[in-house]
There are 2 protein chains.
Amino acid sequence: MCGICGCEHEHGHPHEHRHASARSVQLETDLLAKNDRLASRNRTWFGARSIRAFNVMGAPGAGKTTLLEKTIERLQEQRSIGVIEGDQASDRDAMRIRATGCPVVQINTGAGCHLDAEMVFEGLGLLSPEHGSLLFIENVGNLVCPAMFDLGEGGRVLVASVTEGEDKPLKYPHMFRACDSLVVTKTDLLPHLSFDLDAFLGAAREVNPKLRSFTVSLTNGDGLGDWCEFVLRSNA
Amino acid sequence: MCGICGCEHEHGHPHEHRHASARSVQLETDLLAKNDRLASRNRTWFGARSIRAFNVMGAPGAGKTTLLEKTIERLQEQRSIGVIEGDQASDRDAMRIRATGCPVVQINTGAGCHLDAEMVFEGLGLLSPEHGSLLFIENVGNLVCPAMFDLGEGGRVLVASVTEGEDKPLKYPHMFRACDSLVVTKTDLLPHLSFDLDAFLGAAREVNPKLRSFTVSLTNGDGLGDWCEFVLRSNA
């Protein structure tokens, strides 16, 4: 366990992260255990209301907010949808979601690098999502830390763009392992890049064979139907 | 101070990160103070050898490794260069740097979200950079946590691509404030995007008026000369 970020610590490698002392390991174990308890409370809360919650993660600029905008546009007549937006600062993402007509709560983490279960629970109190609704929780843009924090969600979605390079699953394996679905965005840019989509998807499967993947262009709508169908089915 | 990630904690906002307890604040203060001491040792080490060290940060896929490859190609006949590569996992970036003929050490952080001064000091022992050389330290791809950890570097470079969206300085202000230079990459993709470069640079200046910015295409080489001249001048 890393004494700085609370993440699981891998020992044994001569150059690996070695902040951890006995005291910090205990502290961080306590903090993660507390988060897990609160995540469990959130999960019960969602279950009691038949709410399907998605924790949407990915690097800054991967297209998380745009994916939510387009998904809301397609699904909001069929299903009640709510959004919790997490960012270090600003309410820009909440303003974008609000423009779709969807209820949204913005959480600012300050210098914090991820959302946690307690923040989400507070957000739920403000949002009051409807029984049977879909809830999207957009995490802070970060391909590292949010992977370690259970929010009580029913689905974990990793958004990654084709401009990020095909080696990302091998370089950030914790996030790719933590998620159950992968949405690859910006496929309209493929003709202008040397990005090898098959190599990327192969690397993602190598790290997490159970990862379900979707490829979309949020500019021209390609692939968005499959993704939206998956979202609806997951909450049937 | 955040009890999870060790980052500076902003109080006062009703929905902000609120992990911090008195115990965790003290622990994280200790950890950051220890890092600052070790960073100071690195700074002395660099000074004694007239080495100019750059801490290169940015989101995953921003183009950090490619910027280093192209910079090395242009400058390695004029100046001795060394690289320390930081990634959660894999030695792919080190392999890419090695292919340029430049000495490189790979540090894997495991689940860790940033490099710290101790890791860099260990890397220096393995790399043994020459007197008067340039050193590039490529941090873990993360627009959040690395901003808080001084490595003893002489320059902090933020690499951001035009595919990430122009709102990033406002959403990740800590990183934009922590850096002294900004390299905006992938400008060759601008014709295919709705990215407003002036708005992005304006937002960056709003957050950090002292930020010196460069715009480059690592595909066609546009703007790379100005950046390389800046690097050389900074170590004249």
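Of the 236 residues of chain A, 62% count as buried. Keep in mind that this is a predicted model, so everything I quote today is computed from predicted coordinates. Chain A is built from eight helices and seven strands. Its accessible surface comes to about 8,500 Å², and carbon and sulfur atoms account for 48% of that. For those of you who think in contact maps: among contacts in chain A between residues at least 6 apart in sequence, 70% join residues at least 24 apart.

Let's go to the aromatic rings. How many aromatic pairs does a search of the whole structure find? Over all chains, the search gives 14. One of them is A:F54 with A:F136, a stacked pair at 5.4 Å centre to centre, with 20 degrees between the planes. This pair links distant parts of the chain: A:F54 belongs to strand β1, residues 52-57 of chain A, while A:F136 belongs to strand β4, residues 134-138, and the two are 82 residues apart. Both A:F54 and A:F136 are buried.

Now look at chain B for another pair, B:W227 with B:F230. These rings are tilted, at 35 degrees between the planes and 5.8 Å centre to centre. Why are B:W227 and B:F230 separated by about one helical turn? Because they are three residues apart in helix α8, residues 224-233 of chain B. B:W227 is buried, and B:F230 is buried too.

Back in chain A, ring pairs also join A:F176, A:F195 and A:F200 into a cluster.

Rings meet charges here as well. The charged end of A:R41 sits over the ring of A:F121, 3.6 Å from the ring centre. Turn to chain B and you'll find B:R41 over the face of B:F121, at 3.6 Å from the ring centre.

While we're in chain B, let me walk you along helix α4, residues 117-127. Its buried residues include B:A117, B:M119, B:V120, B:G123, B:L124 and B:L127. Where do the buried residues fall when seen down the axis of α4(B)? They fall within an arc of 150 degrees, so they line one face of the helix. At the N-terminal end, B:D116 acts as a cap, with a side-chain oxygen 3.1 Å from the backbone nitrogen of B:E118. Just after α4(B) comes B:S128, with a positive phi of about 45 degrees.

That brings me to backbone angles. Most residues other than glycine have a negative phi. So here are two more places to check on your Ramachandran plots. B:S50 has a positive phi of about 50 degrees, although it is not a glycine. You'll find B:S50 in the loop between α1 (22-48) and β1 (52-57) of chain B. B:K186 is not a glycine either, and its phi is positive at about 65 degrees. B:K186 lies in the loop between β6 (181-185) and α7 (197-207) of chain B. Which of these is buried, and which partly exposed? B:S50 is partly exposed, with a relative accessible area of 37%, whereas B:K186 is buried, with 16%.

Two loop residues to finish, starting with B:D150. This aspartate is in the loop between β4 (134-138) and β5 (155-161) of chain B. B:D150 counts as buried because its relative accessible area is 14%, under the 20% cut-off. Its side chain makes a polar contact of 2.8 Å with the side chain of B:R43. Leaving out residues up to four places away in sequence, B:D150 touches B:N35, B:D36, B:A39, B:R43, B:A117 and B:R156. You may recognise B:A117 from that list as one of the buried residues of helix α4.

The other one is A:S217, in the loop between β7 (212-215) and α8 (224-233) of chain A. How accessible is A:S217, and is that buried or exposed? Its relative accessibility is 0%, so A:S217 counts as buried. The side chain of A:S217 reaches the backbone nitrogen of A:T219 at 3.2 Å. A polar atom of that side chain also lies 3.1 Å from the backbone nitrogen of A:N220. Not counting its neighbours within four places in sequence, A:S217 is in contact with A:K186, A:T187, A:D188 and A:D222.

That's my tour, thanks for listening!

Terms used: Residues numbered from 1 in each chain as written. Chains lettered and ligands numbered in written order. Predicted model: local features only at pLDDT ≥ 70, side-chain atom pairs only at ≥ 80, totals over all residues. Heavy atoms only, no water. Helix = DSSP H or I, 4+ residues; strand = E, 2+ residues; numbered from the N terminus. Buried < 20%, exposed > 50% of the residue type's maximum accessible area, 1.4 Å probe, protein only. Polar contact = N/O pair within 3.5 Å; in protein donor to acceptor, adjacent residues only side chain to side chain. Contact = heavy atoms within 4.5 Å. Phe/Tyr/Trp six-rings, centres within 6.5 Å; stacked < 30°, edge-to-face > 60°. Lys NZ or Arg CZ within 6 Å of the ring centre and 35° of its normal. Areas by Shrake-Rupley, 256 points an atom, 1.4 Å probe, with all protein chains shown as cover. Arc of directions from axis to C-beta.
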